[in-house]
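Colleague: Could you take me through this model slowly, and tell me what stands behind the words you use for it?

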Amino acid sequence: MENIEKVHLVVEEKFYPPKEMLEECIVKDYESMYKKSIENPDEFWSEIASELYWFKKWDKILEWNFPYGKWFINGKTNITYNCLDRHVKNGKRNKVAYIYVDEEGNEKKYTYGELLEIVNKLANGLKSLGVSKGDRVSIYMPNTVEAIASMLACARIGAIHSVVFAGFSEGALKLRIDDAKAKVVITATYTKRRGKKIPLLPVVKDAVKGLDFVKNIVVWDRDSDLDEGEFDSFLVDFKKLIDNSSSECQPEIMDSEDPLFILYTSGTTGKPKGVLHTTGGYMVNTYLTTKTVFNIKEDTIYWCTADIGWITGHSYIVYGPLANATTSVIMEGVPVYPHPGIWWEYVQKYRVNVFYTAPTAIRMLMRFGEEIPARYDLSSLKILGSVGEPINPEAWLWYYKNIGREKAVVVDTWWQTETGAHMITTLPCYPAKPGKAGKPLFGVEPAIVDKEGKPLPPNTVGHLVIKRPWPSMLRTCWGEPERYEKYWKEIPGNVYSAGDLASIDEDGYIMILGRSDDVLSVAGHRIGNAEVESAIVEHPAVAEAAVIGKPNEIKGESIKAFVILKAGFIPSDKLIEEIKETVREVLGAIAVPDEIEFVDKLPKTRSGKIMRRVLRAKELGQELGDISTLED
């Protein structure tokens with residue numbers, strides 16, 4: 001009880017931004033800016049969008065036919081023009097866009113001018129392979145500038161990119177390539193992690209077997225390991241494709257509502273959903289949120305530690321920072337190799353001002369103690385961001401004290417793959433409350449409601465919903481409009497249901513408490529329970545499986561699986577390892593259960609649905625709750 005009260009007190013305590021931060025804040029008056037965005041959205045969004053370049057201005061800001069929205073109707077633009085050409089033409093050709101660094105400290109800098117040339121050449125290379133507007137290109141790449149250039153090259157010519165995190169294995173990759181019907185897959189020979197080379201090309205080769213619609217694999221041969229003879233009409237050399245192409249490529253004129261990318265995210269049932277984002281609204285909102293949440297200035301050095309394979313990488317490594325002409329650090333590797341101070345070493349070396357990472361990473365680094373960050377000069381830091389899952393007050397305070405030295409502000413961002421951009425966060429211009437995300441961003445109108453959609457009083461836990469459309473909202477789920485519509489029909493009242501539980505206090509600060517559905521949040525990554533279960537069942541000994549998430553100090557949640565074996569199979573440690581290996585092969589290391597328990601039966605409803613919450617309650621020693629629908 002003592003601890004609960006202590007945490008509650010910490011959460012209620014306000015941490016005010018330092019005077020210097022208030023003086024240089026881009027958003028001086030949050031309340032009046034927010035009020036305008038809600039009361040006069042057309043004027044608000046028109047002013048923001050006008051800061052970017054359009055080949056043709058829009059006729060209308062929003063067309064809303066519930067649950068489908070269109071933004072900046074008939075506006076014509078190209079996101080890469082706003083991310084690259086616009087800055088090059090405005091005298092920023094030689095400004096550094098990215099500082100790439102790996103675990104060994106190897107570094108390469110790319111200016112806006114250089115990046116534009118690489119993107120144009122690669123775009124022309126893709127055109128030479130027959131890729132055109134509307135075609136899909138799957139990208140399975142390391143966290144490098146080459147991966148970013150691949151995304152931008154697609155957007156340049158109007159192709160729809162579908163980035164797959166390079167930690168996913170062949171089965172998960174195949175599913176995503178197949179669903180998008182990608183014409184081309186771009187990959188690399190390997191990625192680097194913990195000083196080792198993790199092969200990527202063999203995974204792609206296996207994944208595309210039997211997929212006749214894939215016309216080419218473009219491979220970045222990082223160390224020239226491949227023989228000349230390995231390249232043919234199907235396997236194309238990434239470097240040669242660039243070298244043999246012109247550095248001039250006119251950007252495709254895109255309608256505001258033309259698709260930009262598909263990104264797969266875990267659902268509660270079945271296969272992952274292909275979340276589709278379009279051009280104009282996504283561009284405007286990632287531009288605005290990057291600028292205001294991270295207080296981006298001309299000389300800001302910015303570092304988001306995410307991977308381009310997730311939405312955080314798309315919005316806050318690629319499109320948002322580039323639209324703001326920011327200099328970003330991008331790292332390939334892990335936060336604790338070759339030593340647990342590597343991140344702080346790079347913050348010190350590059351004088352990073354804005355640092356954006358996940359609570360999982362913060363908790364992992366907390367384990368190594370305060371003395372490690374204390375060795376480094378972190379005085380350049382002004383803003384510390386948190387993303388991926390709710391940050392617990394202890395981790396918030398550790399981050400604030402040991403990394404920010406009580407001088408940097410902490411912004412705890414809540415948003416989703418589906419929302420495209422930040423939705424709720426603390427802005428640098430007003431006080432933060434540890435453990436609470438903060439207030440809604442511009443144009444976002446959230447509410448905390450019960451299952452019937454009725455608003456709940458302050459400090460009551462309920463379902464988080466968004467009451468109106470916003471520019472960077474997903475437009476559909478690729479090929480599955482019914483899964484898109486479910487977001488808007490889950491809770492009555494014509495509202496978007498986020499699938500998260502939350503509460504709001506008297507000051508309007510929102511606290512996110514985690515998922516309300518069967519989606520695991522492991523190290524800030526959403527993984528569907530159903531996905532892991534179906535991977536386990538692929539093992540020939542397994543008849544049935546159910547997985548739950550258990551609270552984990554480092555990862556947020558760890559995975560525990562309950563497994564029923566087929567007749568004739570006997571539980572053993574060897575079998576546990578085999579099942580884990582199967583999951584690793586099908587989904588990747590991130591989805592491997594930490595624990596596997598063999599059971600004779602699973603709690604099910606009369607209609608046959610596994611009641612995971614019963615398993616979870618039992619595992620954690622909690623009340624079982626209503627089990628009237630339980631079969632047995």
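**Reading the terms against the values**

Modeller: I would begin at one loop residue, where the backbone nitrogen of Asp507 lies 2.9 Å from a polar atom of the side chain of Asp505. Please keep in mind that this is a predicted model, in which local features need pLDDT of at least 70 and side-chain atom pairs count only at pLDDT 80 or more, while totals for chains, interfaces and linings use all residues. Residues are numbered from 1 along each chain as its sequence is written, and side-chain values use heavy atoms, with hydrogens and water left out.

Colleague: What makes the pairing of Asp505 with Lys433 a polar contact?

Modeller: A polar contact is a pair of N or O atoms within 3.5 Å, where, within protein, one must be able to donate a hydrogen and the other to accept it, and residues adjacent in sequence count only if both atoms are side-chain atoms. The side chains of Asp505 and Lys433 are 2.7 Å apart in their contact, so the distance criterion is met.

Colleague: Why is Asp505 called buried?

Modeller: Buried means under 20% relative accessible area, exposed means over 50%, and partly exposed is in between (with a 1.4 Å probe and protein chains only). Asp505 has a relative accessible area of 5%, and therefore counts as buried, although this residue sits in the loop between strand 26 (496-504) and strand 27 (510-515). Helices (H or I, at least four residues) and strands (E, at least two) are DSSP runs, numbered from the N terminus.

Colleague: Why does Glu406 count as partly exposed?

Modeller: The relative accessibility of Glu406 is 47%, so this residue belongs to the partly exposed class. Glu406 also has a positive phi of about 65°, although it is not a glycine, and its place is the loop between helix 16 (393-403) and strand 20 (409-412).

Colleague: Why are helix 7 and helix 12 called oblique to each other?

Modeller: Helix 7 (residues 145-157) and helix 12 (residues 311-323) pack at an angle of about 60°, with their axes 11 Å apart. Axes are lines fitted to C-alpha atoms, for helices over the stretch in contact, and angles run from 0 to 180 degrees between N-to-C directions. Angles under 35 degrees count as roughly parallel, over 145 as roughly antiparallel, 65 to 115 as roughly perpendicular and the rest as oblique, and therefore helix 7 and helix 12 are oblique.
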